[in-house]
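Hi everyone, thanks for coming. I'd like to walk you through a structure that may be new to you, so let's get it up on the screen.

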Amino acid sequence: MYLVPLYDLMNKVYVDAVVQPMRKRNEFAALYQLIDRHTPCGGTVPVFIADRGFHAYNVFAHAIENRAFFVIRATDTKMKRLLGCDTPKQEAFDVKVTRYLTRSHSKKKYLHPELASQYRNICQKVSFDYFPAQGYGEYEISLRVLRFPIGNGTYENLITNLPENEFHVEEIKEIYRLRWGIETSFCTLKHTIAAVNFHAKNRQMITHEIWARLILFNLPLQLTARPCGGNSLVHIPLSCLLIFHRQQEAIVRPG
């Protein structure tokens, strides 16, 4: 089984997940589902952070259409393919670009032929869910592309839709740095809570076990918090490893 989870970096809990059969795994389709069905807390706008494996126009469009933000890493090759002739000459930059997506290879069918260099063709085999049902099928998308040094002569590329008048480069770098929280959480999920060893052999039962481990991961946040006037919570700094072990013992030896 293949797990694509949605992790809340600020509250340190898993809020959703898609479990797929290994042979039919599709990370992009899983991310589309997670974005579409995510319900943000009142008055907030989610920022979806993903690694370079999730760079795709359909991912960007799903976030935009759901009125969400995203910060996704991109390889040099994909970044240059996106920018094309608009690639700045300097190594570090922060630019905004508009692209017109279409499945047509004919420039005669472009709705904006004078902007031909800004068109990107989406082949029939590549999923894109937001082409209009009528007309020539074009989708306009505006993206912000950042490139900045990270040391030792190397650079990082990020694609986002965060507005430049509200989020400066340093703030976006800090937002992306938070992504490492998912790496540490996954390590805990796999090794401390043993989410790689299952008792069941049936696919449905294994899926149940995966969901049980995700719930088990989230329990410490509730166990180490207590009400502190109104609806606020104060977190008690206890050892997560100790809590996990106690939970496991309670499950193995009930009562």
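**A strand and its partners**

Let's start with one pair: I159, in strand β8, is the bridge partner of I72. Keep in mind as we go that this is a predicted model. So where does that pair sit? Strand β4, residues 69–73, runs antiparallel to β8, and the two are paired over three bridges.

On to another partner of β8. Strand β7, which covers residues 138–151, also pairs with β8 in the antiparallel sense, this time over seven bridges. One of the pairs to look for is G151 with T154 in β8. The two strands form a hairpin with two residues between them, and there N152 takes a positive phi near 55°.

Is β8 enclosed or not? Five of its seven residues, 154–160, are buried, so the strand is largely enclosed by the rest of the structure.

Okay, salt bridges. How many does a search of the whole structure find? The count is ten. Let me show you a few of them.

Take E91 and R147, where the closest N and O atoms are 3.3 Å apart. E91 sits in the loop between α3 and β5, while R147 is in strand β7, so this pair ties together parts that are 56 residues apart in sequence. As for exposure, E91 is partly exposed at 45% relative accessible area, whereas R147 is buried at 11%.

Now look at helix α6, residues 203–223. E209 and R213 are four residues apart there, which puts about one helical turn between them. They form a salt bridge too, at 3.2 Å between the closest N and O atoms, and both residues are buried. Elsewhere, D51, R73, E156 and R179 are joined into one network by salt bridges that share partners.

Over in helix α4, residues 169–177, E174 and R177 are three residues apart, again about one helical turn. Their side chains meet in a salt bridge with an N to O distance of 2.6 Å. Here E174 is partly exposed, at 39%, and R177 is partly exposed as well, at 47%.

Last stop: N121, in strand β6. With 33% relative accessibility, N121 counts as partly exposed. What does N121 touch, leaving aside neighbours within four places in sequence? The contacts are T102, R103, S104 and H105. Two of these involve polar atoms: the N121 side chain has a polar atom 3.4 Å from the backbone oxygen of T102, and it makes a polar contact with the side chain of H105, also listed at 3.4 Å.

Conventions:
Residues are numbered from 1 along each chain as its sequence is written. This is a predicted model: local features need pLDDT of at least 70, side-chain atom pairs count only at pLDDT 80 or more; totals for chains, interfaces and linings use all residues. Side-chain values use heavy atoms; hydrogens and water are left out. Buried means under 20% relative accessible area, exposed over 50%, partly exposed in between (1.4 Å probe, protein chains only). Two strands pair if DSSP finds at least two bridges between them. Contact means heavy atoms within 4.5 Å. A polar contact is a pair of N or O atoms within 3.5 Å; within protein, one must be able to donate a hydrogen and the other to accept it, and residues adjacent in sequence count only if both atoms are side-chain atoms. A salt bridge is a side-chain nitrogen of Lys or Arg within 4 Å of a carboxyl oxygen of Asp or Glu.
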